[in-house]
Number of protein chains: 4
Amino acid sequence: MPAKNGKQFLDRINRAKPSVWFRGEQIDGRLSDHSAFRGLMSTQAELYDMQNHPDFQERMTYASPTTGDPVGLSFMQPKTREDLEKRRQMMMLWGEKHHGLLGRSPDYMNTGLMAFYTAAEILGEKEPKFAENMRRYYEFCRENDISLSHAFVQPHASRFDELLEDGSIETCAARVIEENEEGIIVEGAFLLATQGVTTDEILVYPPAYSYMPEEDSPRTFAFAVPNNLPGIRWICRESLVGGDSAFDYPLSSRFDEMDTLVLFDHVLVPWDRVFILGSDHLSMRLFAESGFHVHCGHQVLCRYIAKMEFTLGVILYMAETLDRATYPATIEKISEVIVHLETLKSLLIASEAGAVLDRFGSMLPDRRPLWTANVIFPKVYPRMMEIIQLLGGSGIIMLPSELDFSGDPKADLNKYLRGSDVDATQKTALFRLAWDLSTSGFGGRQTLYERFFFGDSSVVTNRLYQSYTDKKTYIGKVKTFLGQKDE
Amino acid sequence: MPAKNGKQFLDRINRAKPSVWFRGEQIDGRLSDHSAFRGLMSTQAELYDMQNHPDFQERMTYASPTTGDPVGLSFMQPKTREDLEKRRQMMMLWGEKHHGLLGRSPDYMNTGLMAFYTAAEILGEKEPKFAENMRRYYEFCRENDISLSHAFVQPHASRFDELLEDGSIETCAARVIEENEEGIIVEGAFLLATQGVTTDEILVYPPAYSYMPEEDSPRTFAFAVPNNLPGIRWICRESLVGGDSAFDYPLSSRFDEMDTLVLFDHVLVPWDRVFILGSDHLSMRLFAESGFHVHCGHQVLCRYIAKMEFTLGVILYMAETLDRATYPATIEKISEVIVHLETLKSLLIASEAGAVLDRFGSMLPDRRPLWTANVIFPKVYPRMMEIIQLLGGSGIIMLPSELDFSGDPKADLNKYLRGSDVDATQKTALFRLAWDLSTSGFGGRQTLYERFFFGDSSVVTNRLYQSYTDKKTYIGKVKTFLGQKDE
Amino acid sequence: MPAKNGKQFLDRINRAKPSVWFRGEQIDGRLSDHSAFRGLMSTQAELYDMQNHPDFQERMTYASPTTGDPVGLSFMQPKTREDLEKRRQMMMLWGEKHHGLLGRSPDYMNTGLMAFYTAAEILGEKEPKFAENMRRYYEFCRENDISLSHAFVQPHASRFDELLEDGSIETCAARVIEENEEGIIVEGAFLLATQGVTTDEILVYPPAYSYMPEEDSPRTFAFAVPNNLPGIRWICRESLVGGDSAFDYPLSSRFDEMDTLVLFDHVLVPWDRVFILGSDHLSMRLFAESGFHVHCGHQVLCRYIAKMEFTLGVILYMAETLDRATYPATIEKISEVIVHLETLKSLLIASEAGAVLDRFGSMLPDRRPLWTANVIFPKVYPRMMEIIQLLGGSGIIMLPSELDFSGDPKADLNKYLRGSDVDATQKTALFRLAWDLSTSGFGGRQTLYERFFFGDSSVVTNRLYQSYTDKKTYIGKVKTFLGQKDE
Amino acid sequence: MPAKNGKQFLDRINRAKPSVWFRGEQIDGRLSDHSAFRGLMSTQAELYDMQNHPDFQERMTYASPTTGDPVGLSFMQPKTREDLEKRRQMMMLWGEKHHGLLGRSPDYMNTGLMAFYTAAEILGEKEPKFAENMRRYYEFCRENDISLSHAFVQPHASRFDELLEDGSIETCAARVIEENEEGIIVEGAFLLATQGVTTDEILVYPPAYSYMPEEDSPRTFAFAVPNNLPGIRWICRESLVGGDSAFDYPLSSRFDEMDTLVLFDHVLVPWDRVFILGSDHLSMRLFAESGFHVHCGHQVLCRYIAKMEFTLGVILYMAETLDRATYPATIEKISEVIVHLETLKSLLIASEAGAVLDRFGSMLPDRRPLWTANVIFPKVYPRMMEIIQLLGGSGIIMLPSELDFSGDPKADLNKYLRGSDVDATQKTALFRLAWDLSTSGFGGRQTLYERFFFGDSSVVTNRLYQSYTDKKTYIGKVKTFLGQKDE
């Protein structure tokens, strides 16, 4: 199946029937019928439909190197500046569809897998078949438009080792407990596989540090498996879907990406799905040399821009309906948003303007502007949500529902809740959107999620700092100014 | 009825049957059985029970000047420093019970009404019976332990006047449309009567500006009426109660103070319940001279402290379970909370240390530290919630529910989700609390609510600035230093 | 004289002998010998020398359209993208020479004059000769490499009108008090003509508002005159030059741009130097339509980048000598600087990438990224200085002088004041630089100056906000999302 | 000599003739005649004069326990709340005289010495005579009103150990190189003995950590010696005195506390002046148990308040002369200052309200509010300086001098530089003060100094955090709320 459409996406997920646990019970029926999933999956389906829609297909797909069929453009390795531009257009098209609210828009994981694929030869340095596995897996995903989630963060308890009475040590850390002819047996738990159950497969890999480890660890491994493999269980968090009404819950009814805790209990991962085994060093090199965080950073920045544009629109529209767009205090706040948006847009332009070919033939965007964006966005996004609250005030709380507008008090609501130039339902729809973005449980999770999206503050800062090769140049300028010799 | 207990509170509300609209339908049964209200009302009942509990009664009540029966201490006018201290102890007792999460703890409105009562003679300057009405109403509330809400903010649309085809002007502003022998007929809408329907009566008054208006407005009035008066309708917002489980929703299951839009449709307010009519000037003087914002500010600061202590406890406990209490980055964040808590506590001490008698015989706390607290808290509270998110990370999102711990995956959850020195259910309970405080829909509303609790940023700033009589003193110091004459 | 060299610059200034007052006395001798001016003028001379230096001439000049001789490239109207790039290279060359410390690097005013020139036809709408004056004046400056200062801010007192005893009104506002055959007679004072006396001529024009005035004001005028015209007096501020030692005062000994108060006492401005008279409307259109703030913004952003690079170098070098470059707290601070630098560089790239031709044939950079930079820089620059202080601590205060290193205690100083990998004089030179940048009187004035360089916070914010034509687009996205019609 | 007066202070310093090096040369004449010291020493003399002035003597001194003569109250151990109050009044009197601009107002070191004295018995645990030395030294200082400086920070290079060719190790760390019958021989250097040469003696002690070291270090010692002991040399930094004119340099002409690098070259410290030798553990206990940082923190907070009041006065006066006291943006900024001032004042009140007797008989203020102030002030003081700059704009730069007002252009200056309700010299005097506080070299050093006054950010934060014994209480509240057992 080349680039799939929405129906194909839904069917495959519904057929797979992984072991999903929600509020203490296993979900039995079709996932796409479940209240916690139907809105999200319908949105995902719309994204996939764009790949086959005449208006978009050309911009969303490219000819498969294998079959010539149209496959998802997010799988394409960029080899020229034009490729980068095509990728950006595709990512903006999807981003503008979900307004940046889906951290796991399909292009995210597809891009990450593409990055790994381009540098697969690194995996082969230890064991040739691991490189081959990666290349084959990438091609399998591209040609079948596999939806992926990923996992690498383990629960806090994974750091505890416990001495049992019989003298053995129990650990909570994920690890390979056995290797046999068929594959490796994995045991452990991973936090926060976002969209874990609304995708086809999960890619598990070690965390990416900004330093090179000195020694290899037997607990290091990377692999990919279908979600429904025996021994895998998915525990869902609270659903943050407020309800099905798009008027009342404009965002949570469509974009609540379920996060899951994924439990591996004696899971057999077949050898052809293993990419790394026991080699921290190769793992770190894979991240660093494949440009994983650069390629993905390009996608992430497109998503940031789509989200910031949407946020700016919400805020501008609010100011208009409240007749406050000319107040100095409002201008100051809105200008903050404009400043951040223009900054993000400029960082994107600069990253492409500074792209260079890497040794794997990828036209790699300039990492400096991209990783700068990863430091900026998690800090300014919560402030943008604060601006929504400061502008909207109690108008963001005291909101009637869709049903109220058809009930008995509707005449009064229509009278008292209208805004400047908009009627009461339009204004209420806008303010419910502002609420769902900034203040609802869905909004709260979005804010928290963005704080940590590409690593916590110290991770994204170190990624930028450690790789910043211009440091010597700038010190040199100062030494020259001071008349000191610069060795 | 002197100081009431919880059962009496519940019975009276359930009997009143005001016209409450929730999601387009009028609520029919007992309010205390309704999912959106039962948790809150049960909490309120617990507060009232303290008034009659042997451990607390002495600290929660005082002898009625009329009957000698114990009545609520929050109605007591403080005449000495000891009175202030008693009031503070009572407010801290209630505050520590609800951890500052109830903006409409009974002491808030009782204190405000007490302030108005002490300065009732101002109302009599225009019309003696208005002063008398206020005194009588205060006594009625005190002796019957009436629960009050209040309203003064009108919807944005109240600023629009519309010219109708017949040449008349339609306005949305609340106003008296008729005066007759029985009373005044009121029409209009008010935003955000928090706890409007879980109290007995509503007090309506004009907004308190920091300046004296030049002219009186015919649209100015103040009155109090029972919630179930004909013509009054209450429109509820979204319920933010996640469910009944105190494990899953430790805060929203107990503290979701419903906000309402209250509609007055041709409501007859009897003359003996009218306090102000048509006099902006008296209204402003009532606020300024009664020390309304000072007396209430004392209560608000106690609540702030209770909330900050609880927040600090949550954060400290999180750091402990994550084994991070010795990390510099954690110490820095926790110390921020400590700094704010110590600041608030010192402001409270200073406000009492600087109390002086006003002309109505009230021992009035020093307004400067109190109003300073009103500027500080709305800015630091959101940051405290941010600290919870930064500390907890995805652990605040990826949380199983109470049911999960009794379901099939419980063994794995118990293994993988335990923290340092706490088991998995304890840790999960704590992190669900952190989530409900900082990130859930309930938490989002709390954060927004605190931003605007005692007025928006410019209101609380102006209240402090305009009343700050030390300005000349400090300019004088500089003139003296410069050898300039200080006239 | 085509593009001049340093000697020519110095000679012309020294010959002109304007009326300059410093600490109550008129300066008599050569300005370039005066302790307050010699360092600065020597730096300016070095900049002009670059125009004739074989290494730079090609990049610093272009062929005069009139004579074919090499004239300063900063006078060149950019007509193509390549022109923009050439201009940027020239501005970066000068910027890297003075490390952004000269707000009045020659390219600043030359660029502004060029912008006015391109739109001179606007001036002709009222009076054809005004357009002609502007064109002729521009050509005169370009062909003679005239150094310019400018003035437009009047003292606070200019807002006071005083009623005199004889019934007349005395005003402090600058104004034309007479028009005669030769020209206009001007009276008034202007604040802060930076480098007023180390340039040849002064350009006086009205402030640029972000709104269109409704009426014309008789007090509006624009003109340019030589600094030594009779009736013009220049009052200098405090000199911030610490001394001549480049070791002790690495910045103030070279870059203290003297600010002056310029007094016009009955000054005759000849008609051919008048560009605007009595027309607020044309004045505002001149600013808006000539792209004055866009062209200048391009120069300013180059200067910002040079300054930020230098600042980053200082901070990195300090961290190195203190052996702290691997401390998390240091990495966090340095990364802040990197983030700002990468942001500024990206904004510059984006402004050029988005350039379009305007109706005067100028290739005009995208104003959005440029004006974004003008909002960002004044906020982050003071923070960068704060970072220098936080990193250097008391090491920025407790600094010996050059003389100490040759005096008796030099052995001890060499022993105790050395840093990691640098000797004591190198380290001291670096920390004296850090002090002069962040903490000395020179540094203090730089920080204050940057806060207001292109207008105060509300001016630069409004410039961005009011011109931001994308606002409707973003509101439209939200309306579409909500299913509302976008008119 | 009991509490000395100004003349006695000056005479003693002038007689001592320590080895002071300024710009490479040793100062020869009377220190109080030197341009870098005369203003400061005159200010110090004024402070000491207050001790003998009839208006102040009673509040500035107390009867010596030894002689009954009036001695400086800052030496008095507070044993009751009234003592604390007396000390506070004395500190505020001095603080209001120097407006908080002297970090080394005599009460600072006197208080620290008093703290050590009260806990002298700790020193005796190792060696009884060390306790006796401390008691005797304290009495000597009190009875002779000795002015003290102190030193404990060593240069960065003190961390380097170098291996010499002969196999020995050279270190830069300060250390005892010999003990003999007369005393100990000390070698090393200390940074930043503020007012080192305008005091009589120097107290040297080890840094105070917030943790208990595990082992003792041979490099640990504490002692006090006269400034003119052979082998001690003082290297001065840059003088920040702008000149003698109080109009032009209102602050630097009076308050520039010279900082010095003090070099110990084979200095013999007699045994009776040694307090600690080789015992880190006792050193840390001395700080912790004597309440050194609590007693001093009380003094520091008084100084903070005096400085904040002065700053508020400057800002209010500026707003008045600029006619901007009613602008919302100005109100917001001024209110920030008010908030900080009210906070500091409340922390002071709370610290005294919570005072308790310690085991040495000292009435010790509550450390929590005091140490909270030490975290707050260094962060808000730079912001206050920023507010001065934002309010004053270029008016803080473009300032004529006193001489200009008597020179030729004085008529124009008087006309153009007047403010609202003040004439031009008054306004200029105010703005020169604003400049000297916020922007001059003197101001820059003040800002930097305050950032680090009581330790850098992590030191003051840790001091508060580690000692905060309420942590368990607050965790307990949360456990109780969650129904968890609190062990």
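A crossing of two helices is called right-handed if the near helix is turned clockwise from the far one by less than a right angle. That term is needed in the first of the views below, all of which show a predicted model.

**View 1. Helices α2 and α4 of chain B cross in a right-handed sense.**
Helix α2 of chain B spans residues 38–50 and helix α4 of chain B spans residues 81–98, and the axes of these two helices come within 11 Å and cross at roughly 150°. Because angles over 145 degrees count as roughly antiparallel, α2(B) is described as roughly antiparallel to α4(B). On the side of α2(B), the contact is made by B:Thr43, B:Glu46, B:Leu47 and B:Met50, while α4(B) contributes B:Leu93, B:Trp94, B:Lys97 and B:His98. Sorted by class, the residues in this contact between α2(B) and α4(B) are 4 nonpolar, 2 polar and 2 charged.

**View 2. Chain B meets chain A through 54 residues of each chain.**
On the side of chain B that touches chain A, at least two residues each are supplied by the strands β9 (183–194), β12 (232–236) and β13 (259–270), and likewise by the helices α12 (367–392), α13 (410–416) and α15 (441–452) of chain B. The element that gives the most to this side is α15(B), with 7 residues. By class, the side of chain B that touches chain A holds 25 nonpolar, 15 polar and 14 charged residues.

**View 3. A turn of 180° lays chain B on chain A.**
The superposition of chain B on chain A has an RMSD of 0.0 Å, and the turn is accompanied by a shift of 0.0 Å along the axis. In chain B, the C-alpha nearest this axis belongs to B:Gly441, which lies 2.0 Å from the axis. The same surface serves both copies, since 100% of the contact residues of chain B recur in chain A.

**View 4. Chain A and chain C are related by a two-fold axis.**
Chain A can be laid on chain C by a turn of 180° with a shift of 0.0 Å along the axis, and the RMSD is 0.0 Å; that is the relation of a two-fold axis. Of the residues of chain A, the one that comes closest to the rotation axis is A:Ser346, whose C-alpha is at 2.6 Å. Here, too, the same surface serves both copies, with 100% of the contact residues of chain A recurring in chain C.

**View 5. The contact between chain A and chain C takes 48 residues from each chain.**
On the side of chain A that touches chain C, the elements giving two or more residues are α10 (292–321), α11 (328–353), α12 (367–392), α14 (424–438), α16 (457–466) and α17 (471–481) of chain A. Among these elements, α11(A) provides the largest share, 15 residues. This side of chain A has, by class, 29 nonpolar, 11 polar and 8 charged residues.

**View 6. Residues 285–482 of chain A carry a domain annotation.**
An unreviewed UniProt entry annotates residues 285–482 of chain A as "domain: HpaB/PvcC/4-BUDH C-terminal". Over these residues the chain is 72% helix and 2% strand, and the end C-alpha atoms of the stretch are 39 Å apart.

**View 7. Chain B and chain C are not joined by any contact.**
The closest C-alpha atoms of chain B and chain C lie 9 Å apart. No contact joins chain A and chain D either, and the closest C-alpha atoms of that pair lie 9 Å apart.

Terms used. Residues are numbered from 1 along each chain as its sequence is written. Chains are lettered from A and ligands numbered from 1 in the order in which they are written. This is a predicted model: local features need pLDDT of at least 70, side-chain atom pairs count only at pLDDT 80 or more; totals for chains, interfaces and linings use all residues. Copies are superposed by least squares on the C-alpha atoms of residues with pLDDT of at least 70 in both. Two residues are in contact if their C-beta atoms, placed from the backbone, lie within 7 Å. Helices (H or I, at least four residues) and strands (E, at least two) are DSSP runs, numbered from the N terminus. Ala, Val, Leu, Ile, Met, Phe, Trp, Tyr, Cys and Pro count as nonpolar, Asp, Glu, Lys and Arg as charged, and the others, Gly among them, as polar. UniProt positions are given in the numbering used here, feature names are shortened, and annotations may be inferred rather than shown by experiment. Axes are lines fitted to C-alpha atoms, for helices over the stretch in contact, and angles run from 0 to 180 degrees between N-to-C directions. Angles under 35 degrees count as roughly parallel, over 145 as roughly antiparallel, 65 to 115 as roughly perpendicular and the rest as oblique.
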